[in-house]
Amino acid sequence: MSRRGKINFLFLGIITIFLFNHGCSKKDKVTHQNFFDVKEYSFYSESLGKWTKKIKIYNDLDTELIAEATYKSKEFRTAYNELYSKVYKLDSAEKNKIINDQIVASEISNEFILSAYIPNEKLNDFNKKDSIWKIYLCKNGDENKIEPVEIREIRKKEEFIKFFYTYTSPWKKIYIIRFPIYYPKTEKKIIENSPFKLIITSVLGSGEMIWASEK
């Protein structure tokens, strides 16, 4: 084969590889789009929006905190279970186990997912005992504040968190915050038939996120 022929052969090979890879990419994208049907996903995104609140705390023009919190209500847990089961193609037994686990979890604590962005990353330490931030749960209009029993930073893979909690980003830290179900030494539930709120406060400022009552 002449030198010109070799060059033409090499060029044809490169074009073939490009077209093959390009074709595969399109096929992958179509598969991904078909995997998440918009109508199937909407029930979850509507529930996520309903049970998620947001606050921004400023000091003059400087941002001190941007936070979103999702209350894991029974409705939200149901929507989460449905979507999780679809994504991971769980069979009936696996799906029932997830549902039972969620029921047990909802009876043990009032649980929130908190996403927090703070420009000074060293201050994004809600899980530390000496954090400058305090978080309280209380009924709206009630001064009886309840402190969390647990604040834990989530370190799951970013794509997993981003899929289920779409407001997260690489610049935010994600926490699970758990509060007791009952007021101390009583059988009276903190969240029951009335609006409730999270209070986030520090020397940098404070804000409240208010939810309607869970039916």
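**Close-up 1. Asn-193 sits in the loop between S6 and S7.** In this predicted model, the backbone at Asn-193 does something to look out for: phi is positive, about 60°, although the residue is not a glycine. Most residues other than glycine have a negative phi. As for its surroundings, Asn-193 is exposed, with a relative accessible area of 62%. That counts as exposed because the cut-off is over 50%.

**Close-up 2. Lys-185 is found in the loop between strand S6 (173–179) and strand S7 (196–202).** Here's another residue with a positive phi, near 60°, and Lys-185 isn't a glycine either. Is Lys-185 buried or exposed? Lys-185 is exposed, and its relative accessible area comes to 89%.

**Close-up 3. The whole protein has five helices and eight strands.** Start at the N terminus and you can read the elements off as α-α-β-β-α-α-β-β-β-α-β-β-β. So how do the contacts run along the chain? Take those with a separation of 6 or more: 69% of them are between residues 24 or more positions apart.

**Close-up 4. Inside and outside: the protein has 215 residues, and 35% of them are buried.** Being buried means having under 20% relative accessible area. Turning to the surface, the protein exposes about 14200 Å². Carbon and sulfur atoms supply 55% of that exposed area.

Technical notes. Residues are numbered from 1 along each chain as its sequence is written. This is a predicted model: local features need pLDDT of at least 70, side-chain atom pairs count only at pLDDT 80 or more; totals for chains, interfaces and linings use all residues. Side-chain values use heavy atoms; hydrogens and water are left out. Helices (H or I, at least four residues) and strands (E, at least two) are DSSP runs, numbered from the N terminus. Buried means under 20% relative accessible area, exposed over 50%, partly exposed in between (1.4 Å probe, protein chains only). Contact means heavy atoms within 4.5 Å. Accessible areas come from the Shrake-Rupley method with a 1.4 Å probe; for residues, only the protein chains shown count as cover.
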